[in-house]
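Visitor: I should be grateful for a close look at one part of this model, followed by an account of other features that can be read from the coordinates. Please begin with the metal site.

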Amino acid sequence: MAEREHPADWERCEGCGALVYGKRWTRTLHVCPDCGHHGRLTAPQRLDQLLDPGTAEPLGAVPALHDPLDFVDSRPYTERLDRARADTGLDEAVLCAAGTVEGQPCVTAVMDFRFLGGSLGCGAGALVTHAARTALARRVPLVLVTASGGARMQEGVLSLMQMAKTAQAMAELDEAGILTVSIITDPTYGGVAASFAALADVILAEPGARMGFAGPRVIEQTTGESLPEGFQTAEFLLAHGMVDDVVPRVGLRPVLGRLLGLRTPTGPLPPGDTDAILRAADDLAGRDPWQSVRLARHPERPSTLDYVRRLVDDFQELHGDRLTEDCPAIVAGTGRLAGTPVVLIGHHKGGNDLGERRRRNFGMAGPAGYRKANRLMRLAAKLGLPVVTLIDTPGAHPGPAAETGGQAAAIAENLRLMARLPVPIVAVLIGEGGSGGALALAVADRILVSAHGTYSVISPEGCAAILWKDPQAAPTAAASLRLHPGDLLGLGVVDGIVPEPPDGAHRDHAAAADLLEAAVTAALHELIPWHPERLLADRRARFHRYGSGDPADPAAADRSQS
Ligand SMILES: [Zn+2]
């Protein structure tokens, strides 16, 4: 043990140097009350903090080679191992237990950095795999808490194999539809970062925690470049789409409780309110399409987050495409809508505040937004959760960065994924349904449009400029494009209309939210009991029919009448 440089019963914060009284240090979960620095925890302390009191059930030892290479550097590896065991009271750098978090059962594997820097060797790999297999056998989620400097050199290439072994265990949980969550603590590097830590369905990071494959010193030595402030920290990783959220230690249990409690909804469910969805456009007859366009764009009109705040309980927003960034124009997460667990994804325009609208890029998503949506939809499929999408976008972002980021491919991937996603999908055009950027969230089993929503292949202004050579012709173009809810119903592109409060949703967000909830619930309750084969067959038939002239194509019937 290192010599204590401070009085007994006091702890020194590694962040700011402040002395914190021991009992207070315990109460704050080893987070500095002055600077917020998250102090390092031992694995037993972490289990104590994370699991509900009295529920921890240690998982037994598993066989593994301890010194496969008879390795000796300045000292025999076995001596180092013995020393680590004596110092920590642990057998290995991983401690596993089953238990509950906020009443939700799970299996957890927690790393301890004190044990040879949390390095990943045969023993640690065996324990992580054992935890995953136990979660699989019990069909409960796996929670991993990582802290590691990388692979254990003294075990040579066999330590490298632990990355593949643990990745394989994670893949088995994916196939079985079992949720995995990793909690990144400082530091998480090398083989751990590049295997189970990064493969979890949901990756949470403690504030300031660093994660990466190569450490900053190695990068600076190799490249001779100095790295930006905050490089590889949790906040940096969030901005670059690598983690779902940065969660302070005090918030981990509530967030985990929400995630671990997600259950596949099963039918039969009570039928929803049959009047919640309008199947005829009589109420909308005579409305000027240009008026619809203007109302759909009204800055005070509720957008995705406005509805989420009113309708979704226990919403847990998940961020990032795990590749480049977190697109602010698309919001995605899990929660319960009228009691039904769902994955909710939607464009968010940012409301009436210009700064926020700019930050949200006016609801124009880039490729990272569509990839985030794609990731969340695959999670929904894995967990058997229905998907609800709320569409409100002028279109995908037109810009060089979006193009070099692969905008077209990102949209195309969503179309293909949604076509075959084996869970119910309900899409609502809550405002502007602009072009491919809208369709990328709208390949669904039930497609609804708000009474003042629109859906169009191009903006009326864009169409007018190209075909009429006159942007002033936009109202004429709006009528010709037939983007109005009544027309969309006639074309069979939407199944129904979600009513809005008199004069529009922007007049009364609460009433608009109630109407949306009733419509989405009615659609979900109809679809949830359906077998995936029926969902996929219907969805395939629907999109195959469009524009075919087939008698079942409403657009064909519409033409024969006119
Ligand atoms: Zn501090």
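Visitor: Which protein atoms are the donors of the zinc ion, and at what distances do they lie from it?

Guide: The structure is a predicted model, in which local features need pLDDT of at least 70 and side-chain atom pairs count only at pLDDT 80 or more, while totals for chains, interfaces and linings use all residues. Residues are numbered from 1 along each chain as its sequence is written, and side-chain values use heavy atoms, with hydrogens and water left out.

The zinc ion has four protein donors, namely the SG atoms of Cys13, Cys16, Cys32 and Cys35, at 2.2 to 2.3 Å. (Donors are N, O and S atoms within 2.8 Å of the metal, or 3.2 Å for Na, K and Ca; because water is not among the atoms, sites may look incomplete.) The arrangement is tetrahedral because the angles subtended by the four donor atoms run from 104 to 114°; four donors count as tetrahedral if all angles lie between 85 and 135 degrees. The ideal angle for four tetrahedral donors is 109.5 degrees. Along the chain, the zinc donors follow the spacing C-x2-C-x15-C-x2-C. Within this set, Cys16 and Cys32 link distant parts of the chain, 16 residues apart: Cys16 is in the loop between β1 (10-12) and β2 (19-21), and Cys32 is in the loop between α1 (22-27) and α2 (43-50). (Helices, H or I with at least four residues, and strands, E with at least two, are DSSP runs numbered from the N terminus.) Cys16 is partly exposed, with 42% relative accessibility, whereas Cys32 is buried, at 3%. (Buried means under 20% relative accessible area and exposed over 50%, with partly exposed in between, for a 1.4 Å probe and protein chains only.)

Helix α2 also holds Gln49. This glutamine counts as buried, since its relative accessibility is 17%. Apart from residues up to four places away in sequence, Gln49 touches Leu29, His30, Leu41, Arg249 and Arg253, contact meaning heavy atoms within 4.5 Å.

Helix packing can be taken next. The axes of α4 (residues 122-138) and α5 (residues 156-176) come within 9 Å and cross at roughly 5°, so α4 is roughly parallel to α5. (Axes are lines fitted to C-alpha atoms, for helices over the stretch in contact, and angles run from 0 to 180 degrees between N-to-C directions; those under 35 degrees count as roughly parallel and those from 65 to 115 as roughly perpendicular.) Among the residues that meet here are Val128, Thr129 and Ala132 in α4, and Leu158, Thr166 and Leu173 in α5. Helix α5 also packs beside α6 (residues 190-199), where the axes come within 9 Å and cross at roughly 5°; α5 is therefore roughly parallel to α6. That contact is made by Met163, Thr166, Ala167 and Met170 of α5 with Gly191, Ala194, Ser195, Phe196 and Leu199 of α6.

Further along the chain, α10 (residues 289-296) is mostly covered, with six of its eight residues buried. These are Pro289, Trp290, Ser292, Val293, Leu295 and Ala296, and they pack against β14 (387-393), β15 (425-433), α17, α18 and α19 (485-490). At the N-terminal end of α10, Asp288 acts as a cap, with a side-chain oxygen 3.0 Å from the backbone nitrogen of Trp290.

Two of the partners of α10 also meet one another: the axes of α17 (residues 460-468) and α18 (residues 474-481) come within 8 Å and cross at roughly 100°. Helix α17 is therefore roughly perpendicular to α18. Contributors to the contact include Pro460 and Trp468 of α17, and Ala474 and Leu481 of α18.

Asp495 follows in the loop between α19 and β17 (496-498). The side chains of Asp495 and Arg542 are joined by a polar contact of 3.0 Å. (A polar contact is a pair of N or O atoms within 3.5 Å; within protein, one must be able to donate a hydrogen and the other to accept it, and residues adjacent in sequence count only if both atoms are side-chain atoms.) Asp495 and Ile277 are 218 residues apart in sequence, yet their C-alpha atoms are 8.7 Å apart in space.

Lastly, some backbone details deserve attention. Most residues other than glycine have a negative phi, and most peptide bonds are trans. Asp186 and Pro187 are joined by a cis peptide bond, with omega about -10°, and Pro187 is found in strand β7 (residues 180-189). Glu102 has a positive phi of about 50° although it is not a glycine; this residue is partly exposed, at 41% relative accessible area.

Notes
Four donors count as tetrahedral if all angles lie between 85 and 135 degrees; four count as square planar and six as octahedral if opposite donors are over 155 degrees apart and all others between 65 and 115; anything else is irregular. Angles under 35 degrees count as roughly parallel, over 145 as roughly antiparallel, 65 to 115 as roughly perpendicular and the rest as oblique.
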